[in-house]
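Subject: Handover of a structure

Dear colleague,

Please find below the structure that I am passing on to you. My account of what was found in it follows directly after.

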Amino acid sequence: MTSSSAGGDALLDSIGSYCSMCELFLPNAYDVWASSSGLLSRNEQNTAPADALILCRYCTAAVKRASTTGEHGLLPHRDRTFSLDASSPFIYELVTVDQILLDDDGKPLNTVQRMQYAVVVGTTAPARSTIALFALNTRYYDEAGRSIRIPKSAYDSLEDPRLRARTEAWNAATRAAARLSRAKGPLLRESVRAMIAGTGFWSTWATVLWKTLHDREMLIEVLMPPAHSSPTHAMQMGSAAANAQGAAADFSGTRSDWLS
Ligand SMILES: [Zn+2]
């Protein structure tokens, strides 16, 4: 982030410190992208158009590799991309993936590793277009074969950490859901809320918590900005803590109607 990114900072305030597309937490660098005009320079970000979204460097790299002209599929500022029921355009699943590391010549270095990754799957053609454009499961994932063939150098250097970060969020959500199923006190909810704010991937959290707990009120309390949480929750947190958490900025893309 630079001091010249006033427009970008305003976007961060309204969207949150998360990539609009992959929901990765963005403590530092980000890019601003408009579906109408493509990637914006730092100067252009000062007058970012209404369709501007914040992208992490990995989503930016994917857009640069693809053509930014034409159909972008589903975009969260204008389309519903997620819901808790089966009609959701994006669904998140923990799947077993055959992973092969490659040498610099593209030859396999090992036998197949069976890995578990939290992938996003598109249930509609526009959703699949979006996943492909932003390479939301990384450019090395082959959905049809449920396999990853990735150069060892790219794997070791975390060239694209999104898939592994989403999987870590899935696993953290699984552990949190187990704790929440046993005790649902305000302190535990507050702790889960802070974990979600620190990891991002709110759709992944929503998916796991909903499948495990089926408690809509709980989801709203840990995923929605304080203004959308219950007054009781705000009181339990204390007004200072609620204010410190800010408004919608803490929870990118979390729209109340998406959890209903
Ligand atoms: Zn991203």
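Asp-142 of strand β6 stands opposite Ser-147 in β7. The model is a predicted one, and these two residues belong to an antiparallel pairing in which two bridges connect β6 to β7 (residues 147–151). Both strands are part of an open sheet of four, ordered β5-β4-β7-β6, whose pairing is mixed. Its edges are formed by β5 (113–122) and β6 (141–142), each of which pairs on one side only.

Two helices lie across this sheet. Helix α4 (residues 125–133) crosses β4 (90–102) and β5, and its direction is at about 125 degrees to β5. Helix α6 lies across β4, β5 and β6, at about 90 degrees to β5.

As to the chain as a whole, it contains eleven helices and seven strands. It has 260 residues, of which 37% count as buried. Among contacts with a separation of 6 or more, 68% are between residues 24 or more positions apart.

There is also an open sheet of three strands, in the order β2-β1-β3, with antiparallel pairing. Strands β2 (38–39) and β3 are at the edges and have a single partner strand each, so one side of each has no neighbour in the sheet. Helix α3 (residues 57–65) packs on this sheet, where α3 touches β1, β2 and β3, and its direction makes about 45 degrees with that of β1. Strand β1 (residues 31–34) is joined to β3 by four bridges and to β2 by two, again in the antiparallel sense. Trp-33 illustrates both pairings: its bridge partner in β3 is Leu-53, while in β2 Trp-33 stands opposite Leu-39.

Where do the side chains of a regular strand point? They alternate between the two faces of the sheet. In β3, both faces are covered, with Ala-52 and Ile-54 buried on one side and Leu-53 and Leu-55 buried on the other.

Ahead of β3 in the sequence is Asn-46, in the loop between α2 (42–45) and β3 (52–55). Is Asn-46 buried or partly exposed? Asn-46 counts as partly exposed, because 16 C-beta neighbours lie inside 10 Å, whereas a buried residue would need 20 or more. The C-alpha atom of Asn-46 is 8.7 Å from that of Ala-10, although 36 residues separate the two along the chain.

The largest nonpolar core consists of 57 residues, and those with the most contacts inside it are Cys-19, Cys-22, Leu-55, Cys-56, Cys-59, Phe-134 and Trp-205. Helix α6 (residues 162–182) supplies the largest share of this core, seven residues. Such grouping is a general tendency: in soluble globular proteins, nonpolar side chains tend to be buried together. Apart from its neighbours within four places in sequence, Cys-22 is in contact with Cys-56, Tyr-58, Cys-59, Phe-134, Leu-136 and Arg-162.

Finally, I turn to a pair of helices. The axes of α7 (residues 186–199) and α9 (residues 216–223) come within 8 Å and cross at roughly 55 degrees, which means that α7 is oblique to α9. On the α7 side the contact is made by Arg-189, Val-192, Arg-193 and Ile-196, and on the α9 side by Glu-221, Val-222 and Leu-223. By class, this contact has four nonpolar and three charged residues, and no polar ones.

With kind regards

Note on methods. Residues are numbered from 1 along each chain as its sequence is written. This is a predicted model: local features need pLDDT of at least 70, side-chain atom pairs count only at pLDDT 80 or more; totals for chains, interfaces and linings use all residues. A residue is buried if 20 or more other C-beta atoms lie within 10 Å of its own, exposed if 12 or fewer, and partly exposed in between; C-beta atoms are placed from the backbone. Two residues are in contact if their C-beta atoms, placed from the backbone, lie within 7 Å. Two strands pair if DSSP finds at least two bridges between them. Axes are lines fitted to C-alpha atoms, for helices over the stretch in contact, and angles run from 0 to 180 degrees between N-to-C directions. A nonpolar core is a set of buried Ala, Val, Leu, Ile, Met, Phe, Trp, Tyr and Cys residues joined through C-beta atoms within 7 Å. Angles under 35 degrees count as roughly parallel, over 145 as roughly antiparallel, 65 to 115 as roughly perpendicular and the rest as oblique. Ala, Val, Leu, Ile, Met, Phe, Trp, Tyr, Cys and Pro count as nonpolar, Asp, Glu, Lys and Arg as charged, and the others, Gly among them, as polar.
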